[in-house]
Each structure stands twice: as structure tokens, then as C-alpha cells.
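User: Hello! I would like a close look at one part of this protein, and after that a walk through whatever else stands out.
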Amino acid sequence: PAEIRLEDYRPSAYAIDKVDLDIRLAPKAAKVRARLSVNRRDGTAPGTPLVLDGDDLKLVGLKLDDVVLGADAFEATPDRLEIVAPPADPFMLEIVTELDPDANSKLMGLYRSSDTYCTQCEAEGFRRITYFLDRPDVLSVYTTRIEARRTEAPVLLGNGNLTATGDVPGTDRHFAVWHDPHPKPSYLFAMVAGDLALVEDSFTTASGREVKLGIYVEHGNEERCGWAMDCLKRSMRWDEEAFGLEYDLDVFNIVAVSDFNMGAMENKGLNIFNDKYVLADPDTATDQDYANIEGVIAHEYFHNWTGNRITCRDWFQLCLKEGLTVFRDQEFSSDQRSRPVKRISDVRLLKSHQFPEDAGPLAHPVRPRLYQEINNFYTATVYEKGAEVVRMLKTFLGDEAFAAGMALYFRRHDGEATTIEAFLSCFAESSGQDLTQFALWYEQAGTPVIDVDSRYDAGTRQFVMHIRQQVPPTPRQPEKQPMAIPLRIGLVGPNGEDLEYGGIGGVDVEGDVLRIAEAEHKIVISDVAVKPIPSLLRNFSAPVLLESNLGEDDLLFLARHDRDPFNRWQALQTVALQALIAGASAAVEGRTPDADPQLIEAFASVAGDESLDPAFRALALQLPGEADIAREIGSDVDPDAVAAARNHLRRTTADSLRSTFRRQFEALRDGENYSPSAAQAGIRALRNTLLEYLAHATGGAEGDLVRKHFEAADNMTDRYAALNMIVHAGLEGRDAALSRFYDRHRNHALAIDKWFTVQATAGHADTLDKIRALTAHPAFSFGNPNRVRALIGAFATGNQTQFNRIDGAGFDFVADTVLALDERNPQVAARLLSAFRSWRALEPVRRAAAERALRKVEAKQNLSRDVQDIVSRSLQ
Ligand code: HT7
Ligand code: ZN
């Protein structure tokens, strides 16, 4: 397949200023008449052919300035329409296409989800609706007339504001006309039609305009929209307060559908959501689900300015909207909840998803320079690392210059399709700083490794740090330049307080941030009264891997005393990781891992420290995951040994602290009535973390307590946590608990997804057989992406021992599923295949088995571009 390169970017030869769509819906033969107002751009020679994108289209009519075009005036295939010699002056092109929404299993373009017509156009789905210049730098004003049978689709929704409705005389059909005054790229087009229930509210903007808010869901789900609506209103207010950005239409609608390739979509004025990120009530949604809904609702809403009002010039600039918008949603959630807890959760996600991506064959820069299939670049690197880059910019420049840069960006580029360079220029101007080296964060893939070796000299009262940075080679980038890295530090004295010091030499400094710029620095901190313990990379000030000469005692001291909560958490994680890596080596050699009483004592101390937020204590007690340990080991990984080490540490901790944990579990109370508040959720997280240890105590000794927790749970958080413990710890009553859960929630698809996931993630030898059997369960369907992800995606990404089985059966199963799914939905298939991203880090036997499975995928004829791209890069 062709590679698309950033350096080949050219503006389109023509602009399309206005798009008038008339969409007549029918399940198997929908008609779309598109009337495009086309203008030759300055610099385009008269007569230059107009080439429009298509994808699997059936052309049924074509007129230019209302005259039917002769056969020699155009060339049409399902994937392309060329007007051979268009007029030099502006003209109207009318294109009629016929679509089959029911047959659209790719869920891109116009499709039906549970009888509701809906669209998904990002990145290149609009070309599956009509021929178009389907690229983000072609901005048009859209008017959309939607027509359908009234009984089939009483609700008709489009972008912008509603301008007309009515019946089609003499028929059972009706129509609605929507007009969006804001020029937008085709990827933000949307329409929805169906028999949906409406939950209404309103919002008054800072300048006093009234906005009608609507959430549309399947009938019966109205009661589960309250949280999403509350999140939406809080997001709208926050964007006004934090960034001075108001909403700009009279209506803001959200529609929840059950078949959706991703999380949600920010179509102008008409967001379409995977219902997983809208629907919630205490009986079916966990605290984590509530938090995710808050984050995704905010994210999509914030795109209205970062993405919609200011969009991307081309898809290489995807991080311009995605990284920035993730940064904004992270800040929103931090303001709504505990900032340190949010930061720790975000870094955990970054390390578990983005770091492995950056360390494997699928590594790519935050702004890639080439792609084969853009859908494969909606990655943790573009989103999560992209957000870290914006965060670093703020750290480097300080709050004021950052805010001024953002304000300038909104002022200068509103209504444009722009680039990362333009974005960075705003900050260079607002701060007066040269951001040339900083821009490497967008260009160079790979996670930088920072090595800090520090010593205190009591004689000179100097604290000397040798800092070395190294950026590993990644595909197509063998050589790297040193990066600009903001390293936030503190020197912690023997009493746990930060020490004062004289000055810092050998590096540029801004407050407590060292601006690392060279491959090596010798940094001298003067006038340090006593030997400190350095607290490095506070608040995770840069997305790097940190190595240092701090020992376990130093780290445990920081875990107890650092005033930076992030580093308190990180210090304990580092000690646990080191113990687990040593444990995995022991397991490989057939030895029992050594006990680490100091670590267990540190866990006891955190668990019992009531001065700390319960949510923080829960995070501090959670052991690094098996994938995190594997990533840290880096090569020749044996997932069974990793699991053995982790299980051993969990069991020995549980056995040593059993009575303390049990007492704490029983003493904690989350409140009479369920609320998804951060405070209550934190208490539940701590209780469930303590109980999870107890569930894994030797011999299932606390099985009764876990079963009671399951039976007595009055909310999904506790019920699902207990079910996981019962199933994963292999406690008595497993089958009964699974049946009870299923029966209780049989009518709630999102809860049944959890039922599939808990079984898919059990690290047991018979799990794969059970998963195979579950694919034949009446509730399973390959057509529903959430279900596929819940069972097979969860297995591939959340079950390290069984996916990576030494006999290769896990790899074969996932590869076969990818091949079967590719014919139906390439995007979902390709994403599933990316679970192989760390295959080269496995020990040789598993590595060979993984490669065989990948080669089998590669050998299949007629692979989609999506899967072809992932498999070829995985094997490169
Ligand atoms: N901007 C949205 C991306 C998205 C998407 C991309 C490809 C295929 C389907 C998709 N659905 C949504 C989501 C977001 O980041 O807000
Ligand atoms: Zn986004």
C-alpha cells in the first residue's frame, strides 16, 4: 500500500465553500444528493482536473451547474471521481450516491446501530457517503436535509442548528433541515436518525446565551443519562473559566449508540458516543466508568475549540487536536477530583500503554511523518504522549506564558486548519523562548532514558548530579538528538522537609525545574547543609524513564516523606518493581523469590496512614501490573515467571498483613447512599484493594469475606471488584457468582461486557478454552466492537500469561480472530492485532510462536490496509 508523507503536503487545487446535503434514508438503499459549491483556488490553472475521494461508493447521478455530465467529462470508480476539465469559474457539482447502511459493517460512513442510522466520518469516512475532498483542510458550511419514515426515525439530527422540519406530503416520511454556520472539515460531519429517547437540559453561557442540551439514547436508558449531562454542564463551565472559551451554537446534542469503533466523536454540535461513555447508574457502572464518562464527555466537548474551531491542516497534525484536548480533559478532571490521584492514574496509563508502544515495532513520533492507514495512528503516542508534550510546554514556560500562548493560538488560528509549527510559534512568541529543541518531542519517537547519578560532599556542602540522557533508536530513526527535558526536583532532608540550597550550576533552571538540554550535564547544587535524598522528576515532569543510584532505603524514605505525592507513589512502585524483577529472575531459575520485609512494612504504613487520601492509598498499594514488569525487564521476558513473582509478592504481603488489612477493610465506610464522588470512590478503591490482597491470601483463607462482599454489594464497583477476585483467585463459588452476575445484568449490555472481560482476564490454563466456548455464547457477537474488545481484546491485552502461552495457542487464537474480523471491521481487527506490539521482548520460544502467528496474518490474501499496515510494521 502507498505511503503518505508529510513533506508531500500540498493544498487542494479546489475549495468547497458550501455543501448542501439531502439524505433520504432507507435501511438498504439510502440516497444522498450532495450539492457542492466548488471554487478554483488561487494558483490552480484553469482546467485542472478536480479529483474527489470516494470509498466503496455507488454513483447514481452527476450534474455540473444543473446539467447532466457526459460520459467523457468524468471518470468514476467506487473510490474516486474525477471531473476532467472543470470550469474556471465557481460551479455547482451535484453528486447522487446510493448507500446500503445495513451492509456497512465497518462502522465508517453511514451505518445502522440497533436500527438507529448514524455516521462516523473521522478520519476518512465522509468519502463513504459522497465523493468529496475528504481532507481536514477543506472547510465548508454544511446544510443537511434528512428524510426518513416517521415511524422508523422520529428523531432526525444534524450538525449545527435546526432550521426546518415537516412532513413529505403524500408519504409516511418527514424531514428536518440542519444548518451549521461554522465552516468545518468533512470529518466533523454527522447525522443521526432513529427512534430515540431525549433527555433535555440547558446551559447559559458566560455571555448569557441559552444553549439547549440534549442526550439521545435508546428508550429505557433515560434514567442513566444524569451523570453524563452533569459532566457536560461542568465541562462547558470549566472551559469558560479555565480558557475563556464559550460554546458557539444554540444546540449541543449527544447521541449514544452501542456499535462504535472508538470511544466517541466530536462532530460539530452533534457528538456521537459509544454508549459506554454515556450510560451510568450505580447498579451497572463502576466508579471507573463514571470517571471515564466524565473524561470522555469533557474531551469531546473541549474539541469544540481544539479540533473544530481550530482544526488540523492534515492528518499528520492529529496530535494538534488530540494531544492538546487530552491535556485539557486531564486538567478538567484534576480540577474536579484530586489532582495528585489524577496525575498518578494518567501516568500509569501512559506507562502501561504508551511506553510499550514507544519501545516496540509500532513506535512512531507524536507527529508521524508517514503513514499507510491513518486509522492506525489514533494511538497512545498521539493522544497520551501528545498530552505530556503540552504539559511539558507549560512546565517549561510557566503558567503565565503558557496561558498567553494558548490565548494567542485561539485568537490567531480560529477558523483555520493549522499545524504544530503554528501552535508552537504562539508559545515562542508569548514566552520569547526558542522552542526549536523542544519541537523534537514531536519528531523523535522513543522514550528517553535519563540516568541520574548523585553524590553529596559534606566537605564542600555540594550536591553533585551527573545526568545523562539517551533516546533509543526506533523504526526509521536510528540516531537521535538530545531532547529538551524539564526535570522537576527537590532535595529532601533527614526530617522529610525540602532543604534550602544556595544555587544550581551546570544547567538552566526555572524555579525547581532543571532544563536538561545536553546529552550530559554535571550539575552542582551549592550550600546544601546536610546529605539530602533527591526527589527526581517530581509530578512526572517529563515522559521519560528514570534511572538513578538511589537505593531501596532512599526510595522508602521518599515514599514516606516526599512532599510531592506523585513521587511518594513512584518511590514505592520503584521498590516494588525492583523486587518483582528480582522475583521474576528467581522464578526463571526455579527459586522462590526472596521476601522483602521492608517493602511489606511500607505497604502496611501506607495502608494505615489516615492522613492520606484513601484513593492515593489504594494506588500506592496496587502492585505494578504484569505488563509493567515485563516492560521494565525489557528483553527475554518470561510472562509465567513475571506472574509467579507478582503472585508471590501479593500472597506474602496478604499473609503478613492479613489481620491488619481485614481490620482496615471492615472499618472503612463509603457512605449510606452511593455517589460517584471522588471521596466515596476513593474509599471503595481502598477497600477493594485491601480485599484483593485478602482474596489472594494462602489457601483462599478469606474467601467468605470476598463472597460476602459480592453478595452484599449495592453498587457495580464492589460487585465487579469482588467478582474479579473470586474468578481470578480461583475461590470457591466461582461459577455461582458468574451465573448470579449474568442473571442480574442480562439486559445490560455494558455489564455483560464486564462478565466477558472477567473471564477473559483470568490467568488460568483453561482460560483460552473458555474464551473459545464463550465466542459461541448467545450474548457474544463479532459485530459489536465493545463485545469483541470485552472478550478477545481483554484477553490479548489484559491476560499476559494466557495470551503469551508458551505453546503459541493464545497468539494463534488472536491472529485467527483478526483474520476473521478483518473482513467485517478492519479498524477493530487492526487494533486487536496491535496487542502483538511487544512480541520481540519475549523469550525465544514465545517470540518464535508470536512471529509464526504474525506471519500467518501477513500471508493472507486481500488483507485490509489497516491490518496490512500493522502486521508489516510489527514484523519489520
Ligand atoms: N476524534 C475521535 C476519533 C475517532 C475515530 C477515529 C477513527 C475511527 C473512528 C473514530 N471514532 C472517533 C475521538 C476523539 O479523540 O475524540
Ligand atoms: Zn479526541
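How far apart are the end C-alpha atoms of residues 446-548, and what percentage of the span is helix and what percentage strand?

Analyst: Happy to help, and please keep in mind that this is a predicted model. The end C-alpha atoms of residues 446-548 are 20 Å apart, and the span is 48% strand and 0% helix. In UniProt, an unreviewed entry covers these residues with the annotation "domain: Peptidase M1 alanyl aminopeptidase Ig-like fold".

One residue in this part deserves a pause. F540 sits in the loop between β32 (533-536) and β33 (545-548). Its phi is near 50°, a positive value in a residue other than glycine. Most residues other than glycine have a negative phi. F540 also has 22 other C-beta atoms within 10 Å; because 20 or more are needed to count as buried, F540 is buried.

N862 makes a good partner for that story. Its phi is near 55°, again a positive value in a residue other than glycine. N862 lies in the loop between α26 (844-859) and α27 (865-875). Here the C-beta neighbours inside 10 Å number 7, so N862 counts as exposed. The stretch around this residue is also annotated: for residues 553-876, UniProt lists "domain: Peptidase M1 alanyl aminopeptidase C-terminal", from an unreviewed entry. That span is 71% helix and 0% strand, and its end C-alpha atoms lie 43 Å apart.

Next comes the annotated span 227-438, which an unreviewed UniProt entry gives as "domain: Peptidase M1 membrane alanine aminopeptidase". Its composition is 56% helix and 9% strand, with 39 Å between the end C-alpha atoms.

Now for a pair of helices. Two packed helices are described by the angle between their axes and the distance between the axes. For helix α3 (residues 318-336) and helix α5 (residues 380-397), the axes come within 7 Å and cross at roughly 70°. That angle makes α3 roughly perpendicular to α5. On the α3 side, the contact includes L318, C319, L324, V326 and F327, while the α5 side includes V382, Y383, A387, V389 and V390. Sorted by class, the contact of α3 with α5 has 10 nonpolar, 3 polar and 3 charged residues.

The surroundings of ligand 1 are worth a look too. There are 15 residues around ligand 1, and E122, N261, M262, M265 and Y378 come nearest. At least two residues of this shell are supplied by each of β20 (264-265) and α2 (287-302). The shell divides into 5 nonpolar, 6 polar and 4 charged residues.

E122 leads to another backbone detail: a cis peptide bond joins E122 and A123, with omega about 0°. Most peptide bonds are trans. A123 is found in the loop between β11 (116-120) and β12 (140-149).

Finally, let us visit S37, which belongs to strand β3 (residues 30-40). S37 counts as partly exposed because it has 16 C-beta neighbours inside 10 Å. Apart from neighbours within four places in sequence, S37 is in contact with I16, D17, K18, P90 and M92. As for distance across the model, the C-alpha atoms of S37 and N647 are separated by 65 Å, with the two residues 610 residues apart along the chain.

How values were computed. Residues numbered from 1 in each chain as written. Chains lettered and ligands numbered in written order. Predicted model: local features only at pLDDT ≥ 70, side-chain atom pairs only at ≥ 80, totals over all residues. UniProt positions renumbered as here; feature names shortened; annotations may be inferred. Helix = DSSP H or I, 4+ residues; strand = E, 2+ residues; numbered from the N terminus. Buried ≥ 20, exposed ≤ 12 C-beta atoms within 10 Å, placed from the backbone. Contact = placed C-beta atoms within 7 Å. Axes fitted to C-alpha atoms, helices over the stretch in contact; angles between N-to-C directions. Parallel < 35°, antiparallel > 145°, perpendicular 65-115°, else oblique. Nonpolar A, V, L, I, M, F, W, Y, C, P; charged D, E, K, R; others polar. Near = placed C-beta within 6 Å.
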